[in-house]
Amino acid sequence: DLIKKRNLLLTLLAYEIERLETFHNPLGRADLQIDQNIQSTYRNWKLYDMNGFSNKTWREYGRLAWSISTDLAISFYYAIPKDSLRSEIQQLVKSNPLQVRHIPDALSIFTVTSENDRQCETSIILTWASIDPVTALSYFASARLNQVANSYTIQFASRILCITKSEALILYIPQLVQAVRYDEMGFVRRLILALSEKSNLLAHQLIWNIRTNTYKNETTPDDEMKKKLEPIAQQIEINFTSDAKKFYERVFTYSDKLTKVSEIIKPYPKGNDRKQGMNQRSKNFKKIDKIFIHVLVF
């Protein structure tokens, strides 16, 4: 047993040293390379454990890591790309979710599904440790791929995004709006409405992206998305307070004027012709001069 623990520790060290070496010297510069003796030692060990260990041995290592610490087992899962090892740890996670629900990274292992696998459809997911917004959004995307997504994962992801700061959520609004396309359970719609009440800026960004996503390109409307998104935008506007409504109207009136600039210059071919047209200051371009920034908008 001590030999197994020793081998387990050496294996983890070999992979961790290699990871740190990559961060230290990503371009492989000669002046940044670590000592050759140290390098050969851990690389030789890595080659040995990758090629010398059987699948049975890797499964035993997975169980050993789990018996020592579930946190260690989860780290082992992500550190070493061996299918037999990962399969063993995955089965342990699925069989004992209460032991790893404090580990955010374990949720991705727990929700890995295969055909007829219903183990992850459990309310335990709702009690899992918080995950990052990007991972939460991935569960909405899973609905499109017909993987993982069920009412529990979507509810959990919605809760995570609801408690995320508005400033951070703005980065992910396009993905969130696109998730409405596969929102069969209505969770994304309710999430967007809830988020729109967190801040005016977030609500404006949501409406702007909703408008954008109702078109496939500049001229072709996306009827499927339009049918789903327009009621959401309308509800966001209805939920505005009187002051928020006035602010919204000022912002979008100004934005609409800016957007129309594209319509003015569109007839002119891109390049020198467009520049010459602007330099000549035709009547159409004089309309641009009338656009001004309202002091209560920015």
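Which residues of α11 are buried? In this predicted model, the buried residues of the helix are Phe187, Val188, Leu191, Ile192, Leu193, Leu195 and Ser196. Seven of the ten residues of α11 are thus in the buried class, and the helix is mostly covered. The surroundings of α11 are described below, after the overall composition.

The protein contains 16 helices and zero strands. Of its 298 residues, 37% are buried. The exposed surface amounts to about 18,100 Å², of which carbon and sulfur atoms supply 53%. Among contacts with a sequence separation of 6 or more, 67% are between residues 24 or more positions apart.

Two packed helices are described by the angle between their axes and the distance between the axes. For helix α8 (residues 151-162) and α11, the axes come within 10 Å and cross at roughly 10 degrees. An angle under 35 degrees counts as roughly parallel, and α8 is therefore roughly parallel to α11. On the α8 side the contact is made by Ser151, Ile154, Gln155, Ser158, Leu161 and Cys162, and on the α11 side by Phe187, Leu191, Ala194 and Leu195. By class, this contact has seven nonpolar and three polar residues, and no charged ones. Of the α11 residues in this contact, Phe187, Leu191 and Leu195 are listed as buried.

Helix α13 (residues 223-239) also packs against α11 (residues 187-196), with axes that come within 10 Å and cross at roughly 30 degrees. α11 and α13 are therefore roughly parallel to each other, and their crossing is right-handed. Arg189, Ile192, Leu193 and Ser196 of α11 meet Ile232, Gln235 and Ile236 of α13. The residues of this contact comprise four nonpolar, two polar and one charged.

The axes of α11 and helix α12 (residues 200-212) come within 8 Å and cross at roughly 140 degrees. This angle makes α11 oblique to α12. From α11 the contact involves Ile192, Leu195 and Ser196; from α12 it involves Leu202, Ala203 and Leu206. Five of the residues in the contact of α11 with α12 are nonpolar and one is polar, with no charged residue. Ile192 and Ser196 thus take part in the contact with α12 and also in that with α13, while Leu195 takes part in the contact with α12 and in that with α8. The spacing of several contact residues can be set against helix geometry: an α-helix has 3.6 residues a turn, so residues three or four places apart point the same way.

Two further residues, one in a loop and one in a helix, were examined individually. Met185 lies in the loop between α10 (173-178) and α11. Met185 is partly exposed, with a relative accessible area of 41%. Residues up to four places away in sequence aside, Met185 touches Asn150, Ser151, Ile154 and Arg190. The C-alpha atoms of Met185 and Asn150 are separated by 9.0 Å, although the two residues are 35 residues apart along the chain. Ser151 and Ile154 also belong to the contact of α8 with α11.

Asn209 is located in helix α12 and, at 13% relative accessibility, counts as buried. With its neighbours within four places in sequence left aside, Asn209 is in contact with Ile173, Pro174 and Val177. The C-alpha atoms of Asn209 and Gln178 are 9.2 Å apart, with their positions 31 residues apart along the chain counted as separation.

How values were computed: Residues are numbered from 1 along each chain as its sequence is written. This is a predicted model: local features need pLDDT of at least 70, side-chain atom pairs count only at pLDDT 80 or more; totals for chains, interfaces and linings use all residues. Side-chain values use heavy atoms; hydrogens and water are left out. Axes are lines fitted to C-alpha atoms, for helices over the stretch in contact, and angles run from 0 to 180 degrees between N-to-C directions. Helices (H or I, at least four residues) and strands (E, at least two) are DSSP runs, numbered from the N terminus. Angles under 35 degrees count as roughly parallel, over 145 as roughly antiparallel, 65 to 115 as roughly perpendicular and the rest as oblique. A crossing is left-handed if the near helix is turned anticlockwise from the far one by less than a right angle, and right-handed if clockwise. Contact means heavy atoms within 4.5 Å. Ala, Val, Leu, Ile, Met, Phe, Trp, Tyr, Cys and Pro count as nonpolar, Asp, Glu, Lys and Arg as charged, and the others, Gly among them, as polar. Buried means under 20% relative accessible area, exposed over 50%, partly exposed in between (1.4 Å probe, protein chains only). Accessible areas come from the Shrake-Rupley method with a 1.4 Å probe; for residues, only the protein chains shown count as cover.
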